[in-house]
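Load the model and set the view to cartoon, with side chains hidden for now. The stops below go one selection at a time.

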Amino acid sequence: MKKLLLLPALGLLFSLTPPLIRAEGDQPKPEKPQHEDTELEKSMDILGKAWRKLRKQADDPTKNASSLELMATIQAAAQENLKYTPDLAKDIPAEKRDKFIAGYQEKMKELIAAFEQLTAHFKANENPAAVALIAKIGTMQKEGHKEYKRPE
Ligand code: HEM
């Protein structure tokens, strides 16, 4: 008789005890330090999303009309980028800041010129040339971010 009562009693005890070990996923995530997006981040983000789609379809001539639409978005965002200065400029000593900003502007203009060339390739259905230029622009992006983007 005693044994029969013991089982439900144990069950009750366990249900009342808070779990000592929780799965990792149950833990509330620590807050990531957040920052307001800069204007440049917002337009770079638009450029980045269209760029990702473009890279995937650049070799496909049947998608050239859509690639040209993506190029219009990319070009508009790149023009927008010219209006802003990298956030990192704040960390550059005052006497070097103008040169830093001029360097950024120059690189952004080179990027815009490369986008114009890329648009011409899609218009002329020159897809292999477009793919080759995309690889070069990828290097420009990497170098631009190394020099002008605040490290993560
Ligand atoms: C195809 C070329 C490029 C793409 C797709 C691209 C894309 C991006 C993306 C996705 C971000 C992050 C936005 C965010 O955090 O939400 C970013 C940030 C940034 N990019 Fe680019 N980028 C390109 C070229 C360049 C070039 C050539 C430069 C420099 C001349 C540059 C300078 C920067 C800077 C400075 C930031 C940080 C924003 C800030 O300081 O406020 N990017 N870019």
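Select Thr38 to begin. In this predicted model, Thr38 is partly exposed because 14 other C-beta atoms lie within 10 Å, a count between the 12 or fewer of an exposed residue and the 20 or more of a buried one. Thr38 sits in the loop between helix H1 (2–16) and H2. Now add Pro86 to the selection and draw a line between the two C-alpha atoms: the separation is 8.7 Å, although Thr38 and Pro86 are 48 residues apart along the chain.

Next, show the ligand. Thr38 and Pro86 are among the closest residues around the ligand, together with Met44, Gly48 and Gly144. The whole shell has 24 residues. Colour the shell by element: helix H2 (39–57), helix H4 (94–123) and helix H5 (127–148) each give two or more residues. Which element provides the largest share of the shell? It is H2, with seven residues. Then recolour the shell by class, which gives twelve nonpolar, five polar and seven charged residues.

Hide the ligand and return to the full cartoon. The protein chain has five helices and zero strands, so the order of elements from the N terminus reads α-α-α-α-α. Of its 152 residues, 16% count as buried. Among contacts with a separation of 6 or more, 66% join residues 24 or more positions apart.

For the interior, select Leu47, Ala50, Leu54, Met71, Ile74 and Ala78. These residues touch the most other members of the largest nonpolar core, which has 18 residues. The elements giving two or more residues to this core are H2, helix H3 (64–81) and H4. H2 gives the most, with six residues; H2 also has the largest share of the ligand shell.

Keep Met71 and clear the rest. What does Met71 contact once its neighbours within four places in sequence are left aside? The partners are Phe115, Leu118, Thr119 and Phe122.

The last stop is Asn125, in the loop between H4 and H5. Is Asn125 buried or exposed? Asn125 counts as exposed because it has 10 C-beta neighbours inside 10 Å, and the limit for that class is 12 or fewer. Check the backbone here as well: Asn125 has a positive phi of about 55° and is not a glycine. Most residues other than glycine have a negative phi.

Definitions and conventions:
Residues numbered from 1 in each chain as written. Predicted model: local features only at pLDDT ≥ 70, side-chain atom pairs only at ≥ 80, totals over all residues. Near = placed C-beta within 6 Å. Helix = DSSP H or I, 4+ residues; strand = E, 2+ residues; numbered from the N terminus. Nonpolar A, V, L, I, M, F, W, Y, C, P; charged D, E, K, R; others polar. Contact = placed C-beta atoms within 7 Å. Core = buried A, V, L, I, M, F, W, Y, C linked by C-beta atoms within 7 Å.
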